[in-house]
Structures are given as C-alpha cells and as structure tokens.
Amino acid sequence: MFKMFLFSLKNLFSKPATLPEGTEKPKQYRGLIKYYEETCIYCKKCEMVCPPGAIIFTYPEDGSKRLIFHYNPYLCIYCGECVRACPKPGTLVQVEDTAPPATAQDKPNDLWFEVEKEAVESKKIWQEARRKKRNK
Amino acid sequence: MLTKFLDFFGWARANSPWMVHYCSGCCSLEILALMGPRFDWERYGFMPVPSPRQADFIVITGLISRKVLPVLLMTYDQMPKPRYVFAIGSCAFDGGPYYDSTSVVTNVPEILPPDVFVAGCPPTPEAILEGLLEMKKIIREKREARAEREGTWKEILKQELEKNPLLSQQPFFVGG
Amino acid sequence: MGKKFVVPFGSQHIAIPEPIRFIFTTENEIIKSVSVDFGYVHRGIEKACMTRYKYTQVPYVVARVCGLCAVSQATAYCMAIESLMDIEIPERAKYLRIIVHEMDRIHSHLFAIAHLSEAAGYENLFMRVMRDREFVMECLEILTGNRIQADYSTIGGVNRDLTKEVYEILKPRLDELERRLYELKEIFERDYTLQKKWKGIGVITLEMAQKYNAVGPVARASGLATDCRVEFEYLPYKELDYKMVLYQEGDVWARNMVRLDETLVSIRVLKNAIDNLPEGDIKVKVKGNPKGEALIRWEAPRGELLYYVKGNGKSVLERLRIKTPTFSVIPVMKELYYNQPYAFVPDITISFDPCLSCSAR
C-alpha cells in the first residue's frame with residue numbers, strides 16, 4: 001500500500017497519460033471500402049462473399065450490362081473479404097478512414113431498406129428488357 | 001433575465017451527462033476502455049450510474065435478442081425526461097451478420113429510434129468519443145428526443161407487461 | 001429466525017457488465033438458495049452456419065461469438081477444417097498464429113485483473129492496470145488492423161504478414177510492458193487490504209474441482225493440472241519454452257495470481273516467437289469441399305473449447321457444434337454461494353471471469 005502511495009505522488013508531477021485530441025499515430029487500420037468503376041467487370045462476387053450483406057447491386061431499366069453499386073458503411077463489419085475476392089485488383093480498395101457518426105436527421109436506415117426493395121423489383125424489369133432485346 | 005437564468009440549467013445538464021450502460025455484446029468492451037486513463041471520458045463530464053432513475057441517456061451496445069427486449073424497454077421507461085438514445089455497432093442497425101436469425105430483433109431502429117449512431121465492428125474509442133461530443137451538442141440545444149415522437153416501444157411494453165406482470169420485480173418478503 | 005427476503009440481481013447491473021440474472025433468497029443477509037438464468041444473448045449461430053454461410057465465410061461469423069476470445073474461436077475452427085481436409089500450413093503461419101493468440105490472452109487477463117480490483121474498491125489500481133493494457137492494444141492494432149475483432153486466421157494460413165517496420169514498433173513496447181508487469185506482481189503479492197479482502201473466500205477444493213469438471217484458470221488455482229496447450233500438439237508451444245502455472249489454495253486470491261503469472265509466461269513465449277520467426281509463405285491455396293467429421297479441443301483464455309465439424313461434400317457444412325468454457329464452470333459457481341453473506345457476491349462472480357456471450361452463442 002505504501003508503494004502505491006509513492007507511485008501516485010510521482011504521477012502528480014509527470015506528464016498525463018491521456019491522448020490529446022487530434023493526435024496522429026502510426027496505424028494500419030482496416031477502414032472503409034472505396035469503389036472504382038473503370039476496372040469493374042460486374043461479376044458480383046463481392047455481393048456473394050459479404051457476410052452481413054452490405055454491398056447490393058441494382059439493375060438499370062434499359063437492359064444494359066452496367067449495374068449500379070451501393071455500399072452501406074453502417075452495416076459493414078470491415079473484414080476485407082470483398083477486396084480479396086475481387087478478380088480485378090484495384091477495383092475495391094480499403095482505406096484508413098472511419099465512418100462519421102450519424103444523427104437522426106440523416107435517416108440512414110430508411111434509405112437502406114428502400115435500396116433492398118428496389119434491388120428485387122428492378123431485377124424483374126431488367127430481365128424482361130433483356131429478353132425483349134434477344135428476341136428482336 | 002429569466003431566460004438567462006433558465007439557460008443555466010441547460011448548460012449544467014449538458015456539461016455533466018450521466019449514462020446508463022446496457023451491455024449485451026462485444027462493443028461494450030470499448031466502452032470499458034473509455035473509462036481508462038488513455039481515452040479519458042471524465043474530462044468531458046461523462047459518468048456511468050447504477051440506476052436508470054439518475055441518468056440522461058442510455059447506451060445500447062450490440063445486439064438485442066427477443067429475451068432481452070422487455071428488460072431494455074423497462075429500463076428506458078424508468079428514466080426521467082428528457083431521455084435520449086445512443087447506439088453503437090452494426091448489430092444495432094440491422095442485426096449485423098445475424099440478420100436472418102429467428103431470435104435476434106432486426107428492426108431495433110423502428111422500435112427505439114436512436115439519436116446518434118456510430119458505425120464499426122467494433123468502432124475505435126476515438127470514433128465513439130466523436131459521437132459522444134455530438135450527443136453533448138444535442139443536449140445543449142434541448143432538441144426533443146426522437147423516441148418520444150416515433151417508435152413503437154410503448155405498445156410493445158404494454159403487451160409484455162400484460163403477459164408477464166413480474167417483469168418489474170422488486171425485492172419482497174416471503175413467509176414470516 | 002429471521003424473515004426470508006428475495007433479492008433479484010438483475011440482468012442490468014453496474015458491477016458485472018454481463019447479462020446474467022440471479023434470484024437470491026436471503027435470511028439475515030446469509031444466502032439460503034439461488035437460481036441462475038442466462039441465455040440472453042442467443043443468436044442461433046450454429047443454425048446460421050448450417051444454412052446460409054459457405055464454409056470459407058464461417059471464421060468471420062464464429063469470431064463474433066465472443067469479443068474477448070475472438071482469436072481462439074476462429075483459430076480452432078480453421079484447425080478443425082484443416083485436419084479434416086488434410087491441409088498442411090507453413091511454419092511461418094503457425095508462429096504468427098501463436099503471436100496473435102498470446103497477445104489476445106494477455107489483454108483478456110489484464111482486463112479481468114483490473115475489473116476485480118475495481119470491485120474491491122481500489123480504483124487507483126484499476127486505472128494503473130488499464131494504462132498498462134494499452135501497450136498490448138497498440139501492438140494488436142498495428143499487426144492485425146483492429147483492436148478486438150482481429151479477422152486474422154483463415155483456412156490455409158493467416159491474412160497479414162509481420163514486416164520489418166512492424167517489428168521495430170513492437171519490440172520496445174513489449175519490453176516496457178514486461179518491466180511494468182513485474183512491478184504489478186509485487187504489489188498484488190504483498191498488499192495488506194487486498195489480502196484481507198480476498199483470502200479464504202469462495203474456496204474450491206481439489207475434490208470439488210474434479211467432481212464438477214472445472215476448466216481453465218479456475219481449475220489450475222485449485223491444483224488440477226489440465227491445459228490443452230500441453231496435451232495436444234497443434235501449434236509448436238514446446239519449442240518456445242512454455243510451462244504451466246499451478247496454485248493450491250483455490251480461493252479468489254489464488255485465481256487472480258494464476259492469471260497474473262500466466263501473463264508473464266505469455267510475454268516470454270511471445271518474445272521467443274518474434275525473435276525466431278522462420279521464413280516462408282503465409283498462405284496456402286484451398287480447393288474442394290470438406291467431407292467427414294473432425295473434433296478439436298483448444299485453449300481459450302477462459303478454459304477448454306471444443307469444436308465438432310461435419311461436412312458432406314457441399315460448400316455448406318452439415319453440422320457445427322461449439323462447447324464454450326464458461327458453460328462448464330457455471331455449476332461450480334452455483335455451489336459457492338450457499339451460506340455466504342450477500343456482500344461477497346460481486347467478488348466471487350468476477351473472479352470466475354464469466355463471458356456470457358460465449359455461453360449462449
């Protein structure tokens with residue numbers, strides 16, 4: 001008990017151990033995912049591999065091959081499987097930033113529920129358009 | 001002069017927000033790391049309290065299963081107004097990696113809508129501190145809590161209390 | 001005769017940050033009967049791994065069973081699949097798995113020690129131990145990318161490598177941590193108030209430990225010598241000079257000292273592994289689907305972990321069964337509460353270091 005008392009007295013006159021706000025420390029943190037559309041071949045492997053389903057592709061109405069990419073940083077578990085599964089290196093890149101905290105005015109949940117419904121409905125319209133193109 | 005005097009209470013309430021911590025997941029370890037000396041949260045005035053009757057906001061860390069839901073709503077019901085909700089982690093958003101399990105409640109934001117939400121699996125303590133400073137701004141501006149207007153938690157709590165009246169169990173005497 | 005008084009120790013409590021529920025019946029503040037209720041965090045992980053996740057995605061899901069033993073769960077599953085499909089991983093991957101494993105064990109044990117000192121009222125010691133724990137968390141963040149959920153092991157090896165810059169950052173931090181831990185050990189052995197508070201409370205004898213099948217540091221504090229790292233040869237612990245820690249008293253003080261001594265042994269094993277890393281690849285390519293059955297027993301920070309895996313040629317497993325260490329230790333915990341004053345309940349519960357997310361997975 002006496003030793004802890006001396007230790008506390010010594011701490012009174014030395015530098016504090018808290019991290020001040022805004023310090024930069026060296027880290028290799030696994031953060032957000034960035035998508036580059038130029039090299040993507042739309043194989044949808046990243047959508048199949050993701051465990052919680054944070055990547056969803058929606059389909060355009062005219063039946064063309066270029067799908068639209070949606071990513072939800074609030075559902076992602078930051079494991080990095082999509083980066084490893086992509087056959088074209090450089091399409092998906094993991095950076096060191098974190099997602100900003102969301103307040104009630106951004107409404108992140110309602111937007112994502114709509115995206116999920118739209119993916120199912122737009123797929124039917126897209127398949128109809130492709131069938132018409134092939135029959136012509 | 002009166003408005004300046006009443007503003008003093010808002011300033012006092014925003015500079016020492018006390019919280020109730022309901023832990024049921026892996027994100028609660030990062031809250032306990034915030035109590036340590038490296039990411040000190042007492043310099044901003046935050047403190048965990050044992051009873052919900054003394055708290056300003058509730059922290060939901062992690063997932064909510066069907067057995068836990070009545071206990072969580074009962075704890076939120078016992079807090080005095082104004083009361084806010086703070087959610088952490090991707091499990092509180094849509095169920096996380098367990099989104100099609102039969103015993104996990106996946107639409108928690110529809111039942112008890114949060115005021116601030118921090119993403120990550122789990123987020124680092126620096127990110128949680130950013131979210132807590134947002135919460136301080138909300139308390140300072142005296143915005144109404146989102147759970148008072150929206151959310152279906154009142155009907156669900158009434159149904160659970162009818163099914164199981166011993167839910168709000170207090171210590172009692174038995175025999176003589 | 002006094003009146004009987006029923007006290008619920010509910011699932012939301014500030015002393016124990018775990019969702020467990022007790023109902024005590026006390027008479028004159030002495031406990032006469034107890035009933036335990038857990039299972040608040042059930043998620044159906046075994047069913048989910050059998051219906052919708054492929055066998056290569058399962059390590060990321062199973063690691064989220066528990067936050068404190070995340071590395072042990074993923075490594076045990078990968079070892080089960082590798083022994084089923086006859087995959088041989090390179091030597092460098094085995095040493096890297098040991099390094100992350102021991103770092104996980106150090107931070108989990110330091111957390112338990114800090115928590116127990118806070119429940120005893122000694123908040124100064126809680127702050128000191130949490131400050132020393134931050135050295136290990138920095139090392140984990142630099143090596144794996146995240147502090148707690150390190151998605152590090154996959155089937156066939158590991159995900160990231162230990163380069164020269166990482167080695168320059170790790171070495172001074174580990175030396176500093178070892179020096180501080182030796183100072184902590186002196187304080188815990190000789191402090192006057194802690195010995196008055198912890199000695200002679202919650203005693204588990206050797207016959208009780210054998211009858212109720214205790215595992216982990218709880219059993220090693222009573223004299224029962226069981227440790228999966230010595231009995232099985234999945235990872236090369238013998239070359240790195242690992243020894244088991246045993247105490248004979250079996251009370252709350254002995255369980256605390258077992259965890260502190262295990263931390264010192266882990267740091268020695270870590271330093272040996274970092275200095276003698278062999279060269280080679282870190283990953284092997286995996287083809288095909290699993291077929292057959294396999295059973296693995298491995299050592300998590302809290303005790304023995306058991307995995308059973310069955311596959312039938314498809315990419316989704318047929319059966320996965322997990323047995324976690326806290327589940328085996330709850331019958332012993334229930335026996336210790338009888339005829340004790342009610343004020344000893346937090347000390348006894350926290351000295352077991354329960355992890356309720358594991359037991360209701």
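1. In this predicted model, strand E5 (residues 102-103) of chain A is joined by two bridges to E5(B), and the two strands run antiparallel. Within that pairing, A:Thr103 has B:Val116 of E5(B) as its bridge partner.

2. The strand pairing belongs to a contact between chain B and chain A in which 31 residues of chain B meet 26 residues of chain A. Chain B and chain A bury about 2,400 Å² between them, and 58% of that area lies on carbon and sulfur atoms. Helix H4 (91-94), helix H5 (108-111), strand E5 (116-118) and helix H6 (125-141) of chain B are the elements that give two or more residues to the side of chain B that touches chain A. Of these, H6(B) gives the most, with four residues. By residue class, the side of chain B that touches chain A divides into 14 nonpolar, five polar and 12 charged residues.

3. Although 12 charged residues are counted on the side of chain B that touches chain A, the number of salt bridges between chain B and chain A is zero. The rule likewise finds zero residue pairs in polar contact across the interface of chain B and chain A, where both residues must be at pLDDT 80 or more; a reader weighing that zero should keep the confidence condition in mind.

4. Over all chains, the structure holds 43 salt bridges. One of them lies in chain B, where the side chains of B:Lys163 and B:Glu160 meet at 4.0 Å, N to O. Because B:Lys163 and B:Glu160 are three residues apart in helix H8 (residues 153-163) of chain B, about one helical turn separates them. B:Lys163 counts as exposed because its relative accessibility is 65%, over the 50% cut-off, whereas B:Glu160, with a relative accessible area of 22%, is partly exposed.

5. In chain C, a salt bridge connects C:Lys271 with C:Glu178, with the closest N and O atoms 2.6 Å apart. This pair links distant parts of the chain, since C:Lys271 sits in helix H11 (residues 252-275) and C:Glu178 in helix H6 (residues 164-190) of chain C, 93 residues apart. Both C:Lys271 and C:Glu178 are buried.

6. A further salt bridge is formed by C:Asp261 and C:Lys185, whose closest N and O atoms are 2.8 Å apart. C:Asp261 belongs to helix H11 of chain C and C:Lys185 to helix H6 of chain C, with their positions 76 residues apart in the sequence, so this pair too links distant parts of the chain. C:Asp261 is buried, at a relative accessible area of 11%.

7. Elsewhere in chain C, a network of salt bridges links C:Glu102, C:Arg105, C:Asp227 and C:Arg229.

Terms used: Residues are numbered from 1 along each chain as its sequence is written. Chains are lettered from A and ligands numbered from 1 in the order in which they are written. This is a predicted model: local features need pLDDT of at least 70, side-chain atom pairs count only at pLDDT 80 or more; totals for chains, interfaces and linings use all residues. Side-chain values use heavy atoms; hydrogens and water are left out. Contact means heavy atoms within 4.5 Å. Buried area is the accessible area (1.4 Å probe) that two parts lose on being put together, summed over both. A polar contact is a pair of N or O atoms within 3.5 Å; within protein, one must be able to donate a hydrogen and the other to accept it, and residues adjacent in sequence count only if both atoms are side-chain atoms. Ala, Val, Leu, Ile, Met, Phe, Trp, Tyr, Cys and Pro count as nonpolar, Asp, Glu, Lys and Arg as charged, and the others, Gly among them, as polar. Two strands pair if DSSP finds at least two bridges between them. Buried means under 20% relative accessible area, exposed over 50%, partly exposed in between (1.4 Å probe, protein chains only).
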